[in-house]
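Colleague: I'm new to this one, and I'd rather see one part properly than everything in a rush. Please pick a helix and tell me what it packs against.

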Amino acid sequence: MLFVVFFLVAFFLIVAMTTFFQLLPDWLGQPDFLHILVVFSAYRFGWAAGLVFAFSLGWMLDVVSGLYPGTYPLQSVLVFASIKLLSENSPLKESAYQIPLVGISYFIAQMGFFFFYSMTLPGTLPPWSWNKIVQDTLILLLAAIPSFVLFGYLYDFFNKRKVIHKVISKRNANQFRRDQ
Amino acid sequence: MRKQNNPREGKKRLAVRKVVLLLVLVCCLVLFAASFGGRFGLFHQLTFESLGPAQKFFTSISSGVENIWDDYVALWNIRDENQRLHGIVDQLNGKLNEYTEAYSIYLGLIEKLKFKEKESFPSITAQVVGRDPSYWFQTIIIDRGVNDGIVKGMVARNENGVVGQVIQVSSNYAKILLANAPSSAIDAMVQKNRVRGILKGNGQHYVLYYVLKNADVAVGDRIVTAGIGGIFPSGVPLGYVSAVRKKQRGMFQEIEVSPSVDFQRIETVFVNMTEKLKWEVELQTQPLIGP
């Protein structure tokens, strides 16, 4: 259920990012909400579900953006795995580090993306722009705060429902069981 | 005890009454005499002159009162009237917006129709349904795909010039790589002197490469397709020279070109279907290989 809900959220975000977010003025930028969602999933989802989720997001983005299929799923999975590894059993899991980590991971992901294309397919991407990337990162940081709140609310809401459902199911299952 | 009247005083009163009556009679006679024959005489005029100011005075007072009354009565309905008029203004503004929008759409369609009538290539009109959200790639998504005859490699244009090339297709949608993307390259030339070069995008505008330093290129010159390679016919607008830089080193000059197409505001494109027709012709002319 959680996976489906967040998959739908991602689907809606991709549609919004490719359509009406494009109408926003340049100074407001177009925050990469999918990156925020990948980082969020790294904090909340398990390894298996999170990897599938990150791959699905990259896959969808690959369809609507980019020239060479495969790069976005790779990027998403790498971002997910890196943050998952870093945050597991470390202070980075604390909420105080979550938002800064969104910005740092975005910046590093952009650098990695540019480096990858520069090495494999030079001349495919526009020149590196510090101004643009730093501006995008700052806007992403600002957008990450309400996004994390919203995603957190959604996660807690559906997770609670899931737990309640499990408890009820268990009770029903045990109702007529005879003790040996 | 009743008071008795003095007979002398009674006579005196009677005499005064008689005199007054006589005077009134005389006046009436004089007035009658003055008006005799329809003439507007002195007394008429005197009367007129004495009545006129009074009439004027009362008329001004009554009209003043009437105005005040009218204004007061009008105030009763002014609020309703104001609200009604505001409603009408809002309604008309809404209609005006609708008509302005419809008019601008109409103008756009007229331009597109002119373009379609003028151009000889077989084309299919497609609506832009999505744009690339990333900074790195310049692509758009259109609502036409394989089912409409779109194949990879087809060229998209609009009334302003070259838009891009189809790079990925599904049944009902296609992705177009915009001409201003760094990975696109178009054979181009300066229209005024046919000097040729390779036009490449840098994400925002174009750069015309491989134009020798001695070539006469100035700001404002029109850049069009050269027609080499068979993808574009020659003379399709690409943009205008916005800056020319000649460095001391090297053979070539750096020419910056502003695109003639506003890539941020593309709503409709025309996909050139010639490629498809070529394929069909090739398929028809090739001998069928039997089992």
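Modeller: What follows is a close look at one helix and the helices it touches. Bear in mind that this is a predicted model, in which local features need pLDDT of at least 70 and side-chain atom pairs count only at 80 or more, while totals for chains, interfaces and linings use all residues. Residues are numbered from 1 along each chain as its sequence is written, with chains lettered from A and ligands numbered from 1 in the order written.

Our helix is α4 of chain A, residues 71-87 (helices are DSSP runs of H or I, at least four residues, and strands are E runs, at least two, numbered from the N terminus). Start with α3(A), residues 47-64: its axis comes within 7 Å of the α4(A) axis, and the two cross at roughly 150° (axes are lines fitted to C-alpha atoms over the stretch in contact, and angles run from 0 to 180 degrees between N-to-C directions). That makes α3(A) and α4(A) roughly antiparallel (over 145 degrees; under 35 is roughly parallel, 65 to 115 roughly perpendicular, the rest oblique). Their crossing is right-handed, that is, the near helix is turned clockwise from the far one by less than a right angle.

Who touches whom here? From α3(A) come Trp47(A), Gly50(A), Leu51(A), Ala54(A), Phe55(A), Leu57(A), Gly58(A), Trp59(A), Leu61(A) and Asp62(A), and they meet Tyr72(A), Pro73(A), Leu74(A), Gln75(A), Ser76(A), Val77(A), Phe80(A) and Lys84(A) of α4(A) (contact means C-beta atoms, placed from the backbone, within 7 Å). By type, these are 12 nonpolar, four polar and two charged residues (Ala, Val, Leu, Ile, Met, Phe, Trp, Tyr, Cys and Pro are nonpolar, Asp, Glu, Lys and Arg charged, the others, Gly among them, polar).

Now for α5(A), residues 95-120, which packs on α4(A) at about 140° with the axes 11 Å apart. That angle makes α4(A) oblique to α5(A). This crossing is right-handed too. On the α4(A) side sit Gln75(A), Val79(A), Ser82(A) and Ile83(A), and they meet Leu101(A), Ser105(A), Ala109(A) and Phe113(A) of α5(A). Sorted by type, that contact has five nonpolar residues, three polar and no charged. It helps to know that an α-helix has 3.6 residues a turn, so residues three or four places apart point the same way.

So, back to your request: α4(A) meets α3(A) through residues including Phe80(A) and Lys84(A), and α5(A) through residues including Val79(A) and Ile83(A).

Key:
Contact = placed C-beta atoms within 7 Å.
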